[in-house]
Amino acid sequence: MDDQNKNLILATALSFVVILVWFVLFPPPEPGVDDPNAPVASADGTTPVAPSASVPATTDTSEPVTATADDVTDAPRVEIATDRLSGSISLVGGRIDDLKLNDYRETLDEGSPIVSFLSPSGQPNAYYALYGWAPGAGLTHDQVPGANTEWSVEQGDVLTQSSPVKFKWDNGAGLMFHRTVSLDENYMFTVEQSVDNIGAGTVSLAPYGILARHGEPADKKNFFILHEGFVAMSDGELTEADYDDMTEFPFEQREGARAEVTQVTENGWVGFTDHYWMATLVPQPGSAFKSVAKYDERRDIYQTEAVMPTLTVEQGKTAATASQLFAGAKEWATIREYENEGGVQGFLDSIDWGWFFFLTKPIFAVLHWLNGIIGNMGWAIIGLTITIKIIVFPLAYKSYASMAKMKELQPQMEKLKADAGDDKQKMQQAMMELYKKEKVNPASGCLPILIQIPIFFSLYKVIFVTLELRHAPWLGWITDLSSPDPSSILNLFGLLPFATPDPESFIAIISLGILPILLGISMWLQQKLNPAPTDPTQQMIFAWMPWVFMFMLGSFASGLVLYWITNNVITFTQQYLIMRSHGYKPDVFGNITSSFKRKSKSDTK
């Protein structure tokens, strides 16, 4: 077996093994079963607080639930109506609990409903944000607004990006609470809270924000490459925890639940992230707060909190605070603007860039830039592939030049093998001397394939996790680059009048689309730049490798397969031209015909 073929087989096999390990050794966990009839918790800041505490607990574990599902669902509401969001705010608790993303639909099917993001308590998989005040010295729980407080509208009937709404609540004991909710042109709410002390005496209370999620999300992907669950930034440190991890938090007596508590000194945010959507509580930059992630196992409620320091309000004085709520799509450009212009530190890290973040971040930045110029994400992927090949061209040139030189040395290598006979040590020494004399590195042939591995995984991550690839068309039948090629050879790519197999069925494995077939052909042609090895084992490996990859990658996102095809075509062209420039002329057509001749001979035996 010559060194060039050894290296190529080794590199290709390594690529195959790494990809296979991801799907065999680390399969996604089985999805959990959500109980839509689970009891509803009241996240209203009702746990008693020690007078010395500046960041009180916010979940009641001892008193009965006071808000039924009907109470919240049927409560009076204020409409939310912007270009990008629609929904309503419940006057019970002032909850932001009904939100739809106008720019996104559930599927590509005609008439598919708009994505519903937040939903009120009392509905399956309730998910909402609420704000309130936790009582300190001089106050009881019924004297501060919580999850079940009935607010009244002070100003505004509809929340738009140009017209905020104001609410008020009088506790009947000398405190008047006000809340103003505004919304920008995208997904950032600003919640301003104030309290007027018009009674007698000094009071202490702490403002808070809560995100509550009843059960795990119904559309949870349960895929190992994607993080879904708790996400927080605390003074520059990113923290993530899956829903399963939250159920194993240690029990915190003060929080009344399994919880993880972090004291943030300057900058941070906390919330939940889904595949494409996210909700996060964002206190004012530069302000301290207590960041809490908790799980109430009795009621199956996941919750995050941002609790601001306790404020002391003297008689006749007013105390005010403001914070923000991001609730919407994880659009790269929008989130980057909030980070760069809005001062939300590390907000881009809310997108799950993975271990190869040093590759995935710049790869997507270039992809996004190309898409902005070209206007089509499929062509942008092709442009990105060309860009990557230009960057790694010096290494590729050196590798292919070395491969051409190895071809020139082939007669001398065969002579050395013949002279050495069965003395392998003598042959190896002679080979090394030849390589040294001719300045050839036999391992250089591995470089182009090995370089592709981290780039392949990084692009796979980018295509899978970023919203911009969701439902992004390329041309013709490719209407979603984040999904597999929908065409199928089983119905002759739509020419026969029957549907393709269900993606979950076993027969879907052989239901190859046009792109996976082109991938297999491009890999097969790339092999034909070199004559087939004489060793039967090598011949078998080379013969099967393109088609194994074709079936293996057939269920991958079409955007990733498009990248691989483009990469193969460029690699074929580069290798052919470079090898020719160094005096070796690959006989592609001859290698193709000889492979069929060998097959015919074997068939006749």
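A residue counts as buried when its relative accessible area is under 20%. With that cut-off in hand, let us walk through this predicted model, starting at a glycine. G209 has a relative accessibility of 1%, so this residue is buried. You will find G209 in strand β11, which covers residues 203–214. Its contacts, leaving aside residues up to four places away in sequence, are L130, Y131, L281, T304, E305 and A306. Another partner to look at is S323: 114 residues separate G209 and S323 along the chain, yet their C-alpha atoms are 8.3 Å apart.

From here we can turn to charge. Side chains of opposite charge can pair when their charged atoms come close. The model contains 13 salt bridges, and R84 is a good place to begin. R84 pairs with D103 in a salt bridge, with an N to O distance of 2.6 Å. Because R84 sits in the loop between β1 (77–81) and β2 (85–90) while D103 belongs to strand β3 (residues 96–105), this bridge ties together parts 19 residues apart in sequence. How do the two ends compare in accessibility? R84 is buried, since its relative accessible area is 15%, whereas D103, at 42%, counts as partly exposed.

R84 also has a salt bridge with E331, and here the closest N and O atoms are 2.4 Å apart. This second pair ties together parts of the chain that are 247 residues apart, because R84 lies in the β1–β2 loop and E331 in the loop between β21 (318–329) and α4 (332–340). E331 has a relative accessible area of 9%, so it is buried.

Next, follow the chain to E255, whose salt bridge with K294 has its closest N and O atoms 3.1 Å apart. These two residues come from distant parts of the chain, 39 residues apart: E255 is in the loop between β14 (251–252) and β15 (257–264), and K294 is in strand β18. Both E255 and K294 are buried. Their pairing belongs to a network of salt bridges that links E255, K290, K294 and E305. We have met E305 already, as one of the residues that G209 touches.

What, then, is the situation of D300, a buried residue with a charge? D300 has no salt bridge, and the nearest side chain of opposite charge, K220, is 10 Å away. D300 is placed in the loop between β18 (289–296) and β19 (301–307). Setting aside residues up to four places away in sequence, D300 touches R213, H214, G215 and Y295.

The backbone at D300 deserves a look too. Most residues other than glycine have a negative phi. D300 is not a glycine, but its phi is positive, at about 55°. H471 also has a positive phi without being a glycine, here about 60°. H471 lies in the loop between α10 (447–465) and α11 (514–527), and with a relative accessible area of 22% it counts as partly exposed.

Finally, let us visit two helix pairs. Two packed helices are described by the angle between their axes and the distance between the axes. For helix α5 (residues 357–374) and helix α6 (residues 377–391), the axes come within 8 Å and cross at roughly 125°. With that angle, α5 and α6 are therefore oblique to each other. The crossing of α5 past α6 is right-handed. On the α5 side, the contact is made by I363, V366, L367, L370, N371 and I374; on the α6 side, by M377, W379, A380, I381, G383, L384 and T387.

Further along, helix α8 (residues 410–420) packs with helix α9 (residues 424–438) at an angle of about 155°, and their axes are 9 Å apart. Are α8 and α9 roughly parallel or roughly antiparallel to each other? Angles over 145 degrees count as roughly antiparallel, and α8 and α9 therefore fall in that class. As α8 passes α9, the crossing is right-handed. If you trace the contact, Q412, M413, L416, K417, D419 and A420 of α8 meet K426, M427, A430, M431, L434 and Y435 of α9.

Definitions and conventions:
Residues numbered from 1 in each chain as written. Predicted model: local features only at pLDDT ≥ 70, side-chain atom pairs only at ≥ 80, totals over all residues. Heavy atoms only, no water. Helix = DSSP H or I, 4+ residues; strand = E, 2+ residues; numbered from the N terminus. Buried < 20%, exposed > 50% of the residue type's maximum accessible area, 1.4 Å probe, protein only. Lys, Arg positive; Asp, Glu negative; His and termini not counted. Salt bridge = Lys/Arg side-chain N within 4 Å of Asp/Glu carboxyl O. Contact = heavy atoms within 4.5 Å. Axes fitted to C-alpha atoms, helices over the stretch in contact; angles between N-to-C directions. Parallel < 35°, antiparallel > 145°, perpendicular 65-115°, else oblique. Left-handed = near helix turned anticlockwise from the far one by under 90°.
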